[in-house]
Amino acid sequence: MQGHCTLQRPWVTSSSSSSSWASFRQLNGRVTTFNRVSFDGLQQREEAGRTKNHRLHWRCAATAEGKQIGGSNQMLVYVPPHPLIKHWISVLRNDFTPPPMFKSAMAELGRFLIYEASRDWLLTVSGEVNTPCGTAQVEFIDPREPVKVVPILRAGLVLVEHAGSVLPANQTYHVGFVRDETTLQPSMYLNKLPERFAEGARVLVADPMLATGGTIVAAIEELTKRGVDHNLLRVVAAVAAPPALKKLSEKFPGLRVYVGMIDEELNEKGYIVPGLGDAGDRSFGT
Ligand code: URA
């Protein structure tokens, strides 16, 4: 296989997650409507030294890049087909990446995902400026409409570390959730959200790992309670797994999710496999 490499762990190679990984790769660069996705048909097993090969059958409508089909009542998931996104995901996945490098890789990934998420979303004002050589019609990001950035602590904070360098107008509202290790249920320990968001507020929620979906759903419910229209809400995540995407698509049709990679499954502790481990622990080394 061309470009094949082992990255310090001979038992994990770029082809190790079997042919089903390729089927996920086909999602890259596509907008996928998740309310038509079927999550049945799992559990195909392969012989010949491979472990489990859970293949998901994505019965879904996909369009060419950036084009939405089927109206706004469908959740859209976008996996940007960019080599830099793949690069930073690979650094994050590597068990040998130390915390400071992990943290900066997550922040870099966040920058690209936020760039993609803001592509057709930001409000602008137009005007005219003098250049050294004449006048030009111009468009600026509307400073009166800052994007409300909502990192879910801890790891969400790292994903939006560079949000300010992408979004000229932004405000940050922190929320913190912790997952009970047995029940996997999230509970909120920090809430800096305003009582009420202004009508039309654009809200960007950052949660690096969309695993069971419990935390991200709880966070979005807090936002919608405070007046956020989920059609104006965008989620950025490093890695997502089908249970979270399914839950989000059922609860919030119209939502848009921008994710570095979609993985296939969760382990018994609710971690994404192959995933990248605990994003908070790996970012902060604690
Ligand atoms: N949270 C993480 O940090 N990693 C996972 O794989 C799942 C949830």
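Is K247 buried, exposed or partly exposed? K247 is partly exposed, because its relative accessible area is 32%, where buried means under 20%, exposed over 50% and partly exposed in between, computed with a 1.4 Å probe on protein chains only. The model is predicted, so local features need pLDDT of at least 70 and side-chain atom pairs count only at pLDDT 80 or more, while totals for chains, interfaces and linings use all residues. Residues are numbered from 1 along each chain as its sequence is written, and side-chain values use heavy atoms, with hydrogens and water left out.

K247 belongs to helix α7, residues 242-251. Helices are DSSP runs of H or I with at least four residues, strands are runs of E with at least two, and both are numbered from the N terminus. Between K247 and G214, which are 33 residues apart along the chain, the C-alpha separation is 8.4 Å.

G214 leads to helix α6, since this helix comprises the twelve residues 214-225. The expected span of a helix is 1.5 Å times one less than its number of residues. For α6 this gives 16 Å, and the end C-alpha atoms are 17 Å apart, which agrees. The helix is mostly covered, with nine of its twelve residues buried. Those buried residues are G214, T215, I216, V217, A218, A219, I220, E222 and L223. Just after α6, G227 adopts a positive phi of about 95°.

Helix α3 (residues 99-117) contains P100. With 19 residues, α3 reaches 26 Å from its first C-alpha to its last, close to the expected 27 Å. Its buried residues include F102, A105, M106, L109, F112, L113 and I114. P100, in contrast, counts as exposed because its relative accessibility is 63%. Its C-alpha atom is 8.2 Å from that of G285, although the two residues are 185 apart in sequence.

A further contact over sequence distance involves N73, in the loop between β4 (62-63) and β5 (76-78). N73 and L255 are 182 residues apart along the chain, and their C-alpha atoms are separated by 8.3 Å. N73 is partly exposed, because its relative accessible area is 48%.

The backbone also has cis peptide bonds. Most residues other than glycine have a negative phi, and most peptide bonds are trans. The bond from L153 to R154 is cis, with omega near 0°, and R154 is located in the loop between β8 (147-153) and α4 (155-159). Another cis bond joins V273 and P274, with omega about 5°. P274 is in the loop between β17 (272-273) and α8 (279-284).

The ligand is surrounded by R179, M209, A211, G270, Y271, I272, G277, D278 and A279 (each with a heavy atom within 4 Å). Backbone atoms make several of the polar approaches, counted as pairs of N or O atoms within 3.5 Å. An oxygen atom of the ligand is 2.8 Å from a polar backbone atom of I272. A nitrogen atom of the ligand lies 2.7 Å from a backbone N or O atom of G277. At A279, a polar backbone atom is 2.8 Å from an oxygen atom of the ligand. The protein covers 87% of the 240 Å² of accessible area that the ligand has on its own, an area from the Shrake-Rupley method with a 1.4 Å probe.

The ligand sits in the second largest pocket. Here a pocket is an open set of points, on a 1 Å grid over the protein atoms alone, with protein on both sides within 12 Å along at least five of seven lines; a molecule sits in it if more than half of its atoms lie within 2 Å of its grid points.

Methods: Polar contact = N/O pair within 3.5 Å; in protein donor to acceptor, adjacent residues only side chain to side chain. 1 Å grid on protein atoms, 1.4 Å probe; cavity = no way out; pocket = protein on both sides within 12 Å on 5 of 7 lines; lining within 4 Å.
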